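I opened my notebook for a look through this one, entry by entry. Here is what I looked up, in the order that made sense to me.

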Amino acid sequence: MTQRVEIVRRIMDSNERVALENRALLDKKGTYGINIMASPGAGKTSVIMETLRRLPPSVRTGVIEGDTAPVTIDSDKIAALGFPVVQINTGGDCHLDAVMVDLALKKLDLDQLNLVIIENVGNLICPAAFELGTHANVLIASIPEGDDKPYKYPNIYRGLDVLIINKIDLLPYLDFRMDYFSQGVEMLNPGLKTFPLSCKTGEGFDAWIDWLTTTLPAKV
Amino acid sequence: MAGMHELAVTESILEIANQAALESRAARVTDIYLTIGQLSSIVDDSVQFYWDHISLDTLSEGAVLHFQRVPARLRCKACGNEYELNEELMPCPACGSIALEIISGEELLIDHIEVIREEK
């Protein structure tokens with residue numbers, strides 16, 4: 001005879017608990033955390049590097065680089081700019097989770113940092129299921145990916161605080177319907193803060209940098 | 001093809017089920033009832049695939065997974081119309097508004113399990 005045991009619990013509960021601990025650590029240190037997600041090739045590393053170059057020197061920034069393989073191409077680029085960087089090898093996993101970020105945060109000297117930028121693994125599905133404990137979930141969409149991505153990957157758009165649309169310099173050359181794209185975003189995440197920009201031309205970067213610098217908390 | 005984040009999802013299901021079985025002094029878990037929203041990007045077959053491997057030698061070995069799928073339902077903020085998404089995300093079919101609220105379809109829950117108690 002079987003017996004019923006009530007549970008009613010969110011499956012991702014244990015990840016979410018660690019994410020809350022990460023958030024508490026960041027808050028305690030007065031460090032703002034952002035989780036950058038995107039499909040492969042959307043320009044995550046380029047946007048991060050351009051952001052690092054443009055942020056005022058008073059904003060001390062550390063970077064956590066998530067990669068599925070132990071290749072240090074991205075983290076080497078960041079280190080070459082003179083910023084502290086910690087690499088996470090997910091061992092083939094398609095996303096970062098809160099435990100990986102917990103370990104990485106402990107390798108950074110958060111007392112010295114105003115901002116931690118986490119570059120998630122390039123993927124539009126899996127990272128959406130794993131809160132990391134950052135203050136802002138940021139998605140970098142890019143023009144060559146096409147205008148149908150909010151319709152195909154609604155999940156990731158739902159959890160966003162900020163949307164960056166990269167490679168807008170390519171708009172004249174591609175059939176990207178901005179109104180169709182924006183309509184999809186608006187249905188999923190009304191009023192989402194959006195920054196269209198180009199790493200190539202620098203267009204649109206000022207607004208993103210302004211938002212980021214004014215959002216950072218005062219360092220305690 | 002098995003999706004990768006389903007592995008982490010399946011591991012969480014196993015952990016929660018085994019823990020609940022332990023707490024209720026069950027000899028084994030026979031059934032697990034999951035509530036999965038249509039918008040949650042979870043492929044049942046992938047979860048099942050991982051389940052068959054990772055549940056071996058645990059209290060949940062052989063437990064049957066039941067997937068209760070919750071349809072994606074939207075409410076139009078402009079006219080109040082409620083509708084179900086069967087295909088692609090779309091504006092309100094009644095008035096065309098894109099001011100919407102998603103009222104269900106994002107669930108990712110373990111609802112309950114069924115267990116066999118230890119014999120005295």
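**Entry 1: backbone oddities**

I started with Val8(A), which sits in strand 1 of chain A, a strand that covers residues 2-10. I should say at once that this is a predicted model. I checked the backbone of Val8(A) and found a positive phi of about 45°, although Val8(A) is not a glycine.

I then turned to Lys167(A), another non-glycine with a positive phi, here about 65°. I located Lys167(A) in the loop between strand 7 (162-166) and helix 7 (178-188) of chain A. Is Lys167(A) buried, partly exposed or exposed? I read a relative accessibility of 23%, so Lys167(A) counts as partly exposed; the cut-off for buried is under 20%.

**Entry 2: strand 7 of chain A**

The loop with Lys167(A) made me curious about the strand before it. I asked how many of the residues of strand 7 of chain A are buried. I got five of five, and noted the strand as mostly covered.

I reminded myself that side chains in a regular strand alternate between the two faces of the sheet. I therefore looked at each side of strand 7 of chain A in turn, and both faces are covered. I listed Val162(A), Ile164(A) and Asn166(A) on one side, with Leu163(A) and Ile165(A) on the other, all of them buried.

Next I looked up the pairing partners. Strand 6 of chain A, residues 136-142, runs parallel to strand 7 of chain A, with five bridges between them. Within chain A, I found Ala141(A) opposite Ile165(A) of strand 7. Strand 8 of chain A, residues 193-196, also pairs with strand 7 of chain A in the parallel sense, over four bridges. There I noted Ile164(A) opposite Phe195(A) of strand 8.

**Entry 3: a loop residue, Thr134(A)**

I picked Thr134(A), which lies in the loop between strand 5 (115-119) and strand 6 of chain A. Its relative accessibility is 5%, so I put Thr134(A) down as buried. Which residues does Thr134(A) touch, leaving out those up to four places away in sequence? I wrote down Arg23(A), Leu26(A), Gly33(A), Ile34(A), Asn35(A) and Ile118(A).

**Entry 4: where chain B meets chain A**

I moved on to the interface and found 35 residues of chain B in contact with 33 residues of chain A. The area buried between the two chains is about 3,100 Å², and carbon and sulfur atoms give 64% of it. In chain B, the residues that lose the most area to chain A are His5(B), Leu89(B) and Ile98(B), together 19% of what that side buries.

For the polar side of the story, I looked up 14 residue pairs in polar contact across the interface. I then asked which elements of chain B each supply at least two residues to the side that touches chain A. They are helix 1 (5-23), strand 1 (26-37), strand 5 (100-104) and strand 6 (108-117). Strand 6 of chain B gives the largest share, 10 residues. By class, I noted 21 nonpolar, seven polar and seven charged residues on that side of chain B.

How many salt bridges are there between chain B and chain A? I counted two. One that I looked up joins the side chains of Glu106(B) and Arg158(A), at 2.8 Å from N to O.

**Entry 5: back to strand 1**

I closed with strand 1 of chain A, which pairs with strand 6 of chain B in the antiparallel sense over seven bridges. In that pairing, I found Ile116(B) as the bridge partner of Thr2(A).

How values were computed:
Residues numbered from 1 in each chain as written. Chains lettered and ligands numbered in written order. Predicted model: local features only at pLDDT ≥ 70, side-chain atom pairs only at ≥ 80, totals over all residues. Heavy atoms only, no water. Buried < 20%, exposed > 50% of the residue type's maximum accessible area, 1.4 Å probe, protein only. Contact = heavy atoms within 4.5 Å. Buried area = accessible area lost by both parts, 1.4 Å probe. Salt bridge = Lys/Arg side-chain N within 4 Å of Asp/Glu carboxyl O. Polar contact = N/O pair within 3.5 Å; in protein donor to acceptor, adjacent residues only side chain to side chain. Nonpolar A, V, L, I, M, F, W, Y, C, P; charged D, E, K, R; others polar. Pairing = 2+ DSSP bridges.
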